[in-house]
Amino acid sequence: MAAEQSPEQSVTALAGERVDHRFKALPPDAEGLTVGALAAERRNLFTGGFTTPVLALSAESIEANLALLETYAERHGLAFAPHGKTSMSPQLFARQLEYGAWGITAAVPHQARVYRAYGIRRIFLANELVDAVALRWLAGELDADPDFTFACYVDSVRGVELMDEALRAAGAVRTVDVVVELGAGEGARTGARTEADCAEVADAVAATSTLRLVGVAGYEGEVPDASPERVREWLRRLVALAADFDAAGRFGALVDGEEILVSAGGSAWFDAVADVFAGIPALSRPVLRLLRSGAYVSHDDGHYRHITPFNRVPEEGTLQPAFRLWAQVVSRPSPEQAFVNAGKRDAAYDLDLPEAQVVRSARDGSVRPATGITVSGLSDQHGWVRTEAGAELEVGDWVGMGLSHPCTSFDKWQLIPLVEADGTVTEYIRTFF
């Protein structure tokens, strides 16, 4: 069914969901309340009945990050379709659109279905879509909603054949827009490996009546042995591919007012994307320079803290880590060892272990730095904590930890408190993984 409401209208319905056992850490005495009613109570994260472990998002950091990427994109003449797989949260999608996003990027059909259920009208799917069932669904969405804009990768002649076959079988009326994906090099991830391969794929698209070539794209984060120059070299290849395709008339199916789509941009090299895309030459029609970075919305205290382009261009601004996982000390078996009640089921650990940052005393609620306290490992439901001599930590204390890798932090929590600096919970962020 086609989306009929705006994202803002669609997410309003989430406030009517009932609080119950499905959602980790929410106050037991809130059972049966709607999410909206619980948010209206503006409970305190530490004294409002929440159980540990509990993941919180900083309201101030989220707001700052949304604003920063909006101004960055504007400053560099970029359109922006943040990758929704990071959060899979319709509320955050709506906020990203409010802050100037052109649309939302997806990776798989399920994500696109979630987006459509919550009113997203522009979707860029950064994968070749060859699932016949998903293509039948897509054809129905496009045919039912003339305002729905969709584009996806193609990177193989066989993929084009499968898409064409499925769309013809589905009786698709509207063509599906596609962009040829240029691979980032030998041994990289997806994408046609050479410009000649890209041309073959483009020819295959042109031979169908169900697909329409609208641009080129790729992901610079997979450039082997990535360095600023290697990344820029690949991006220049992508730009040259767009120019060559245009000169050859390969974008002839576009109509007046439509743009050639050139897209790249993960969360590690978007400064290079901005630099190279600024040099895209004049083509036969305007160019939509589409950035797809997604991790910025929450940032983190590990992987993305180290690789963000803002480290290279600090004059452009600073992203703020928004996650903090609070867990309680449940065992202190020795002066060198403690255990908290958060583990692999609660914290991302695929890139880095959580980082102990602060301790909230169980005795008086005071907060102090987590000096001499280190998370050394995770079990399923326990965090292993190493404590140096003199470290203050006792059973019952809450340990606030920073996390690494937003994508695997969001997906462990279905309902995440959005918390102001004083601990007031103002909203609950729903995710759909």
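**A loop residue, two helices and the overall fold**

Val108 is partly exposed, with a relative accessible area of 36%. That value falls between the limits of 20% for buried and 50% for exposed. The model described here is predicted. In it, Val108 sits in the loop that links β3 (104-106) to α5 (109-117). Leu129 follows 21 residues along the chain from Val108, and the C-alpha atoms of the two are separated by 7.9 Å.

The protein chain as a whole contains twelve helices and 18 strands. Its radius of gyration is 23 Å, close to the 22 Å that the globule rule gives for 433 residues, so the chain is as compact as a globular protein of that length. The C-alpha trace spans about 70 × 45 × 35 Å along its principal axes. Of the 433 residues, 56% count as buried. Contacts often link parts of the chain that are far from each other in sequence: among those between residues at least 6 apart, 71% join residues at least 24 apart.

The accessible surface of the protein chain comes to about 17500 Å². Carbon and sulfur atoms account for 50% of that surface. Charged side chains number 39 positive and 60 negative. The centres of these two sets lie 3 Å apart.

Helix α10 covers residues 270-277. Seven of its eight residues are buried, so the helix is largely enclosed by the rest of the structure. The buried positions in α10 are Phe270, Asp271, Ala272, Val273, Ala274, Val276 and Phe277. Their cover includes two helices, α3 (59-75) and α9 (228-247), and two strands, β8 (260-264) and β9 (287-291).

Helix α8 covers residues 195-206 and has twelve residues. From its first C-alpha to its last it reaches 16 Å, close to the 16 Å expected at 1.5 Å a residue. The buried residues of α8 are Cys198, Ala199, Val201, Ala202, Ala204 and Val205. Among the elements that cover them are the strands β5 (149-154), β6 (176-181) and β7 (211-217). The helices α7 (157-169) and α9 also contribute to this cover. Helix α9 thus appears in both settings: it is part of what covers the buried residues of α10, and part of what covers those of α8.

Definitions and conventions
Residues numbered from 1 in each chain as written. Predicted model: local features only at pLDDT ≥ 70, side-chain atom pairs only at ≥ 80, totals over all residues. Heavy atoms only, no water. Buried < 20%, exposed > 50% of the residue type's maximum accessible area, 1.4 Å probe, protein only. Helix = DSSP H or I, 4+ residues; strand = E, 2+ residues; numbered from the N terminus. Contact = heavy atoms within 4.5 Å. Rg over C-alpha atoms; globule rule 2.2 N^0.38 Å. Areas by Shrake-Rupley, 256 points an atom, 1.4 Å probe, with all protein chains shown as cover. Lys, Arg positive; Asp, Glu negative; His and termini not counted. Charge placed at Lys NZ, Arg CZ, Asp CG, Glu CD. Expected span 1.5 Å × (residues − 1).
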